[in-house]
Amino acid sequence: MFENILFFISSFLVLGGATMVVLSKNLMHACIFLLFTLFGVAGLYLTLGADFLAAAQLVVYAGGVVILMLFGIMLTGGTENKENRFGIEKIPGMGSVKTYIVAGVSILFIATVVLKIIANYMRHYQQTDLPEYMTTVERIGHSLLTDHILAFEISSILLLGALIGAAMIARPRKS
Amino acid sequence: MVTLGSYLFLSFALFVAGLAVIIARKNIIAMLLGIELMLNAAALNFVAYTRFVNSNIDGHIMALFIIVIAAAEAAVGLAIVIRFFQLRESIHIDDAAQLQN
């Protein structure tokens, strides 16, 4: 019962947030709606029994990525809807009617293909008994440090490389 | 009744929204928002299959690595955007049409 309510609230947040990220004309508002979508995905993780992932999603995305995006928006001219300065066709930064038509046609094409695959799969799917909810933190920790230790270490090297690379790329240069 | 299909449909809607953002927008930061949406759709699929089909923990591990890689990608992508803004004073994707000078 409770998980159904949480599922409906979360799916409303996900669908509404994703729609508004597509349609919003203001870049700052799109970023805030992305935050709503990420909260909704965290709620969906909770209904799926993934407590550690929900917490990681909230900490990393709401605390890290969205704040970083907001900094990026504010450092690069705010929410001005500028056209391109070079080139012949001037298209505003947040998209014109033409680009939205192109996007609509292509997602219609992809939607028919993907929904066909999902429908074919759902016809042959039988719902079995779901496992009980239980905490996954211990199992995730055990699995990360035994079976997936190589990927764990490589991801730490990846994060170090991303840190140094981002600092190198964005440093101010004299010229 | 909440089944696997509802999660698959939500993930599909997220992916389509991200794709529409990437195609329709011409602002580089807005396109990065679309990439975040698509990565979340993939991670949601992994976790849904973990609960409904097999109950081992590998899908959770995969979603965790997707979150890590999304964070790294956002940091490096925004650094590139800021550098591009220093050079060209623009964050329009069509202004990035030259390899040198």
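Which residues in H2(A) meet which residues in H2(B)? Let us start there and then look at the rest of this predicted model.

## Where the two H2 helices meet

On the chain A side, the residues of H2(A) that meet H2(B) are A:Leu27, A:Ala30, A:Cys31, A:Leu34, A:Thr37, A:Leu38, A:Val41, A:Leu44 and A:Tyr45. Their partners in H2(B) are B:Ile29, B:Ala30, B:Leu33, B:Glu36, B:Leu37, B:Asn40, B:Leu44 and B:Val47. Sorted by class, this contact has 14 nonpolar residues, along with two polar and one charged.

How do the two helices lie relative to each other? Helix H2 of chain A covers residues 27–47, and helix H2 of chain B covers residues 28–52. Their axes come within 11 Å and cross at roughly 5°. An angle under 35 degrees counts as roughly parallel, so H2(A) and H2(B) are roughly parallel to each other.

## The wider contact between the chains

The meeting of the two chains can also be viewed as a whole: 73 residues of chain A are in contact with 58 residues of chain B. On the chain A side, the elements that give two or more residues are helix H1 (2–23), H2, helix H3 (51–75), helix H4 (97–123), helix H5 (137–146) and helix H6 (149–170). The residues on this side of chain A comprise 48 nonpolar, 22 polar and three charged.

## Chain A as a whole

Chain A has six helices and zero strands, giving the pattern α-α-α-α-α-α when read along the sequence. Its C-alpha atoms fill a box of roughly 60 × 40 × 30 Å along the principal axes. The radius of gyration of chain A is 21 Å, whereas a compact globule of 175 residues would have one near 16 Å. Buried residues make up 25% of the 175 residues in chain A. Among contacts in chain A with a separation of 6 or more, 52% join residues 24 or more positions apart.

The domain assignment splits out domain 1 (1–80) and domain 2 (95–126) in chain A. The C-alpha centres of these two domains lie 22 Å apart.

## H2 and H3 within chain A

Back to H2(A), which also packs against H3(A): the angle is about 175°, and the axes are 9 Å apart. That angle makes H2(A) roughly antiparallel to H3(A), because angles over 145 degrees count that way.

Among the residues H2(A) gives to this contact are A:Leu27, A:Cys31, A:Leu34, A:Leu38, A:Val41 and A:Tyr45, and these six residues also appear in the contact with H2(B). From H3(A), the contact includes A:Asp51, A:Leu58, A:Tyr61 and A:Ile73. By class, the contact of H2(A) with H3(A) has 19 nonpolar residues, one polar and one charged.

## Two residues to find

Is B:Ser11 buried or exposed? B:Ser11 is buried, because 23 other C-beta atoms lie within 10 Å, and 20 or more is the cut-off. B:Ser11 sits in helix H1 (residues 4–24) of chain B. Leaving aside residues up to four places away in sequence, B:Ser11 touches B:Ala41, B:Leu44 and B:Asn45. The C-alpha atoms of B:Ser11 and B:Tyr49 are separated by 12 Å, and these residues are 38 residues apart along the chain.

Now find A:Val114, in helix H4 of chain A. A:Val114 counts as partly exposed because it has 16 C-beta neighbours inside 10 Å. Between A:Val114 and A:Cys31, 83 residues apart along the chain, the C-alpha separation is 27 Å.

Note on methods
Residues numbered from 1 in each chain as written. Chains lettered and ligands numbered in written order. Predicted model: local features only at pLDDT ≥ 70, side-chain atom pairs only at ≥ 80, totals over all residues. Helix = DSSP H or I, 4+ residues; strand = E, 2+ residues; numbered from the N terminus. Buried ≥ 20, exposed ≤ 12 C-beta atoms within 10 Å, placed from the backbone. Contact = placed C-beta atoms within 7 Å. Axes fitted to C-alpha atoms, helices over the stretch in contact; angles between N-to-C directions. Parallel < 35°, antiparallel > 145°, perpendicular 65-115°, else oblique. Nonpolar A, V, L, I, M, F, W, Y, C, P; charged D, E, K, R; others polar. Domains from an automatic or database assignment. Rg over C-alpha atoms; globule rule 2.2 N^0.38 Å.
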